[in-house]
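I opened a fresh notebook page for this chain and meant to write down each thing I looked up, in the order I looked.

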Amino acid sequence: MSTEHTQAHALIVLHASDNVAVARVALAENDRIARPDATLIVRDAIAAGHKIALRPIGPGELVLKYGQPIGVASAPIAPGEHVHGHNVEMRAALPPQAAGSEAAAPVGVGEPATFEGYVRADGRVGTRNYIGVISSVNCSATVCKAIAQGAERAGLPGIDGVVAITHGSGCGMSGDGEGLELLRRTLRGYATHPNFAAVLVVGLGCEVNQVEPLVGALAPAARQRVRTLTIQEAGGTREAIAQGAALVAELAAQAATAQRSTVPVSHLVVGLQCGGSDGYSGISANPALGAAVDLLVRHGGTAILSETPEIYGAEHLLLARAASPAVAERLLARLRWWEDYAARNGAELNNNPSPGNKAGGITTILEKSLGAVAKGGGSTLTDVVEYAQPASGPGLVFMDTPGYDPVSATGQVAGGANLICFTTGRGSTYGCKPTPSLKLATNTPMFERMRMDMDFNAGGIVDGTLTVAQAGEALFRLMLETASGRRTLSEEHDLGDNEFVPWQLGAVM
């Protein structure tokens, strides 16, 4: 038995030129949808978040969503058919459509926004007050964790906690290659991060990534809040743990004297992430985050958009609002590097969508990229930086990172992000010590199912109870509250200790 639907109830039509719509609710075969021009009969069962053809699409014809191509039809598609990987394919060099890619015009903001943060000696501002224990090499990772866990058990009042920053690299690599340079840049970014009041760097003693060259390159002001220790010089693991515990206790006592104070939003640097994306990501949570980013930028803050393979095919939307030709060329250069990198490793950038993405309704990398770019709102692209380089705000900055969320977010935090906003449709639970991570749900059913992990529900946009602008304003307020100390759900559950995953380049020998 078929069900009668109105278009408003059943479909989300994103652009007047689109030949597909997104199912707002699950549709059964032979359901009827009353559209302004005619009744659309559903030919296949279509899950919520998946696409349905609005009109005939011939083989080789562009499939349009957001007013942009997301692929081409690989077979005839009739109105009412499910549109997905079985009848859509990705082809290189699909022509982008000229559609609303210009930077948003500046808008006055009235009273400048502020938050309550920890002002550090170098002038940067933390949203949290942690002590870090950083391993130079995987060989010191266990000792770092033992020091941090011991400090947490002992209880150190006045700070947010002690975080072990460990990884799987630091040796078995060239002493002067890009792999070591990238690792050191990432570790230095964490060692000087404003969410750490101070850090202890622990090495083994014989690794390629020696402790002294690692910390010796830090600016004098940053070097003052860093302590160092090597296991071999300490006399062994037990001795290093005991010495490390004493150093951390000393650092924590100093950090406990720090107090929050009112600072302008120009000190807020927000990393933009999406993971476990679904067919609603580009409709609800990503545009809502983009609206919040536009507010952040208008108030003088900085947002970092990343995941270069996941803007592939939608880069024209960023290039059109680059602050200068030089900024645009830097973005194009990184995309060319990724094309060459993927080819060298026998991969293709257009094979990016994961099984979970596809199950959620995303068919091609173009569709995923168009939704991902929405996280950056309509603000001018002010700069393009390499992985883990400092984000030179204010404004919207693009950082070149892989699409893998933990690696990408690690680069953003190393670049100075003191808050992460993470959109998800399938239900990512990513925490990110020392930087708080807000999880933004794309749809209400998932938000309700995972209420202990999701901080914000953008599903009201899909449900029709919330506009993108309203969601953006609410999210911007939540960002300020979180920067001022409101705990994320990851923090409430003490999650986020194992998300440091630096990008590993070069040969492992």
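The entries below go through sheets, a helix, the nonpolar cores and the cysteines.

**Entry 1: the parallel sheet**

I noted before anything else that this is a predicted model. I then looked for strands lying side by side, and I found an open sheet of four strands in the order β14-β13-β15-β16, with parallel pairing. Strands β14 and β16 stand at its edges with a single partner strand each, so one side of each has no neighbour in the sheet. From one strand to the next, the twist averages 20 degrees. Looking at one pair in detail, I found that five bridges join β13 and β14 in the parallel sense, and that Ile-134 stands opposite Ile-165 in β14. As a reminder to myself, strands of a sheet pair through backbone hydrogen bonds, either parallel or antiparallel.

**Entry 2: the helix across that sheet**

Next I looked up helix α3, which lies across β13, β14, β15 and β16 and runs at about 160 degrees to β13. How far apart should the ends of this helix be? At 1.5 Å a residue, the 14 residues of α3 (residues 178–191) should span 20 Å, and the end C-alpha atoms are indeed 20 Å apart, which agrees.

I then asked how many residues of α3 are buried. The count is eleven of its 14 residues, so I wrote the helix down as mostly covered, taking buried to mean under 20% relative accessible area. Among the buried residues of α3 are Gly-179, Leu-183, Thr-186 and Tyr-190. The buried residues pack against β13 (130–135), β14 (161–165), β15 (196–203) and β16 (226–230), and also against helices α4 (211–216) and α13 (405–414).

One residue made me stop, namely Arg-185, which is found in helix α3. Is Arg-185 buried or exposed? Its relative accessible area is 19%, and because the cut-off for buried is under 20%, Arg-185 counts as buried. Leaving aside neighbours within four places in sequence, I found Arg-185 in contact with Glu-386, Tyr-387, Ala-388 and Gln-389.

**Entry 3: the nonpolar cores**

In soluble globular proteins, nonpolar side chains tend to be buried together, and I wanted to see where that happens here. The largest nonpolar core has 98 residues, and within this core Leu-268 and Met-479 touch the most other members. Helix α16 (residues 468–483) gives the most to this core, with seven residues. Not counting residues up to four places away in sequence, Met-479 touches Val-270, Ala-292, Leu-296, Leu-419, Cys-421 and Leu-438. I also found a second, separate core of 24 residues, which includes Ile-147, Ile-159, Ala-198 and Leu-251.

Staying with α16, I looked at Ala-483, which lies in that helix and is buried, with a relative accessible area of 0%. Which residues does Ala-483 contact, once its neighbours within four places in sequence are left aside? They are Phe-115, Glu-116, Thr-127, Arg-128, Arg-260 and Leu-268. Ala-483 and Phe-115 are 368 residues apart along the chain, yet their C-alpha atoms are separated by 6.5 Å.

**Entry 4: the cysteines**

A disulfide is a covalent bond between the sulfur atoms of two cysteines. How many disulfides does a search of the whole structure find? The search finds zero. For Cys-139, the nearest cysteine sulfur is that of Cys-171, 6.2 Å away, and Cys-139 is partly exposed at 48% relative accessibility. For Cys-421, the nearest cysteine sulfur is that of Cys-432, 12 Å away, and Cys-421 is buried at 0% relative accessibility.

**Entry 5: the antiparallel strands**

Last, I turned to strands that pair in the antiparallel sense. Two bridges join strand β2 (residues 11–12) to strand β3 (residues 20–23), with Ile-12 opposite Val-22 in β3. Strand β3 also runs antiparallel to strand β6 (residues 51–53), over three bridges, and there the partner of Val-22 in β6 is Lys-51.

Three more strands form an open antiparallel sheet in the order β7-β8-β10. I noted that β7 (62–65) and β10 (88–89) stand at the edges, each with a single partner strand. Four bridges join β7 to strand β8 (residues 68–73), and Leu-62 stands opposite Val-72 in β8. Helix α12 (residues 365–373) lies across β7 and β8, running at about 165 degrees to β8.

Key. Residues numbered from 1 in each chain as written. Predicted model: local features only at pLDDT ≥ 70, side-chain atom pairs only at ≥ 80, totals over all residues. Heavy atoms only, no water. Expected span 1.5 Å × (residues − 1). Buried < 20%, exposed > 50% of the residue type's maximum accessible area, 1.4 Å probe, protein only. Contact = heavy atoms within 4.5 Å. Core = buried A, V, L, I, M, F, W, Y, C linked by side-chain atoms within 4.5 Å. Pairing = 2+ DSSP bridges. Axes fitted to C-alpha atoms, helices over the stretch in contact; angles between N-to-C directions. Disulfide = S-S within 2.5 Å.
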